[in-house]
Every structure is written in C-alpha cells, then in structure tokens.
Amino acid sequence: IMLSDPGDLPADERVARAADGLMELARRTQELDAALSLYNHGGWAGQPETLIAVCQELHSRGFKHVGIAYNFHHAHDRIADWPKIFPQLKPWLHCLNINGMNDGAQPKILALGQGQHERAMLRVVLEHDYQGPIGILDHQEELDSRIALQANLTGLAEITREFQSESAEATPPPKSPES
C-alpha cells in the first residue's frame, strides 16, 4: 500500500499520522498472518526515510509484519545516494523491484541492462548480501508482457554474467603447493 501524506506537520507527527491511517489494515493483515508492505511511489510518502520511519512506528505499536516493497522505478531521485540508502532499507524489505535506471527517469520504465545505473545499484544489493525476493514489474502497456519480461530476463542474464566475470577476475588463483 502507498502511504498517504498527512500534510505539512512536524516530522514525528507526520509519521505518526501516516501510521494512524494504516492501523486498521495493519490489524487485518496481522490477523491473517499476512505481510503488509509499504510501496514507494514518490513524494514524501515514497522516500526511504519516511517508509522506514513509518515501519518503525508500526513495529513499536506491535505490527512487526509491516515492511517495504521498494521500487527502483520510483527512486530515480535517489540513485546517487543508493549506497547509503540500501543498508538502511534492507532490514525492512519485503521485496525489491528492479528495472533499468537512467538519469532523470528518461525513460522511467526501462528493461534491466539498458540503463546507466542499475548495475551499480545491483552491486550495492550484492555487497550487502540481500537474500529477499526481487521482482520485475511490467509497466509497459505498449509491450506484450512476455516481450517485456524476456527483455528484463535477458538484461538480468547479461548483468549476472558481467558480475560473475568481474568476480572471477578479482579472485586470485589458488597457490601452488610448495615443494
């Protein structure tokens, strides 16, 4: 679910009001033993710091099942500080949705491997040993979903090969036994 922005209030009150607005849904999802994921979608309510603060507030109220579904395609404004943001987000992530990333969201939706920044962003994810779910969203109405998914899988395979090749090059060869 996307958070609603309670407006121009002091930061702690804004977070508390956003959490207040989720209480009924938090109760219902807790009763169902289901996760409740906050979805970043721009503005104050979509910023990682806000999402984390609202999760912390809901956890303090006993709703430990609340986390974050974070989307690259709604985070173009946070590309530069991704290495700082990701370690903060990681403990709260229910899912990380990835796609190609260019400056200025040009275009906003882009297949993996076709952008300027997703490789660096994914390196950060790997460096921090994220083990949770990763999603690929299809927001390209002009494309058949099968074509969009295949383009993303092809890009992911290419990036994976690049990372594996870099890792192999960085690994020193085994030492030969001394006589």
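The legends below describe close-up views of a predicted model.

**View 1. The whole chain, with its helices and strands.** The predicted chain has six helices and four strands, and from the N terminus on these elements follow the order α-α-β-α-β-α-β-α-β-α. Along the principal axes, the C-alpha atoms fill a box of roughly 65 × 50 × 35 Å. Of the 179 residues in the chain, 41% are buried, and among contacts with a separation of 6 or more, 69% join residues that lie 24 or more positions apart.

**View 2. Helix H6, its N-terminal end and its buried residues.** Helix H6 covers residues 145-170, and because each residue should add 1.5 Å, its 26 residues are expected to span 38 Å, in agreement with the 37 Å that separates the end C-alpha atoms. At the N-terminal end, Asp144 acts as a cap of H6, with a side-chain oxygen 2.8 Å from the backbone nitrogen of Arg146. Ala148, Asn152, Gly155, Ile159 and Phe163 are buried in this helix. An α-helix has 3.6 residues a turn, so residues three or four places apart point the same way. The elements that cover the buried residues of H6 include helix H5 (118-127) and strand E4 (134-136).

**View 3. The largest nonpolar core, centred on Val54.** This core has 40 residues, of which Val54, Ile68, Tyr70, Trp82 and Leu96 touch the most other members. Helix H3 (residues 48-60) gives the most to the core, with five residues. Leaving aside residues up to four places away in sequence, Val54 touches Leu3, Val15, Ala18, Ala19, Leu22 and Leu38.

**View 4. Asn71 in strand E2.** Asn71 belongs to strand E2, which comprises residues 66-71. With a relative accessible area of 0%, Asn71 falls under the 20% cut-off and is therefore buried. Its side chain makes a polar contact with the side chain of Asn97 at 2.8 Å, and, not counting residues up to four places away in sequence, Asn71 touches Tyr39, Asn40, Asn97 and Leu137.

**View 5. The largest pocket and the largest cavity.** The largest pocket has a volume of about 210 Å³, and its lining consists of Ile98, Leu122, Val125, Leu126, Tyr130, Ile134, Leu156, Ile159, Thr160 and Phe163. H5 and H6 are the elements that give two or more residues to this lining, and H6 gives the most, with four residues. A search of the whole structure finds one cavity of 30 Å³ or more. The largest cavity, with a volume of about 50 Å³, is lined by His73, Ile98, Asn99, Ile109, Leu110, Leu137, Gln140 and Asn152. Ile98 thus appears in the lining of the pocket and also in that of the cavity.

**View 6. Backbone details in three loops.** Most residues other than glycine have a negative phi, and most peptide bonds are trans. The peptide bond from Gln106 to Pro107 is cis, with omega near -5°, and Pro107 is found in the loop between strand E3 (93-98) and H5. Asp33, although not a glycine, has a positive phi of about 55°; this residue is in the loop between helix H2 (23-31) and strand E1 (36-39). Asp33 has a relative accessible area of 72%, over the 50% cut-off, and so is exposed. Asp129 also has a positive phi, near 55°, and is placed in the loop between H5 and E4. Asp129 is partly exposed, with a relative accessible area of 48%.

How values were computed: Residues are numbered from 1 along each chain as its sequence is written. This is a predicted model: local features need pLDDT of at least 70, side-chain atom pairs count only at pLDDT 80 or more; totals for chains, interfaces and linings use all residues. Side-chain values use heavy atoms; hydrogens and water are left out. The expected span of a helix is 1.5 Å times one less than its number of residues. Buried means under 20% relative accessible area, exposed over 50%, partly exposed in between (1.4 Å probe, protein chains only). Contact means heavy atoms within 4.5 Å. A polar contact is a pair of N or O atoms within 3.5 Å; within protein, one must be able to donate a hydrogen and the other to accept it, and residues adjacent in sequence count only if both atoms are side-chain atoms. A nonpolar core is a set of buried Ala, Val, Leu, Ile, Met, Phe, Trp, Tyr and Cys residues joined through side-chain atoms within 4.5 Å. On a 1 Å grid over the protein atoms alone, a cavity is a set of points where a 1.4 Å probe fits but cannot get out, and a pocket is an open set with protein on both sides within 12 Å along at least five of seven lines; lining residues have an atom within 4 Å of a point. Grid points are joined across faces, edges and corners, and a volume is the space filled by probe spheres set on the points.
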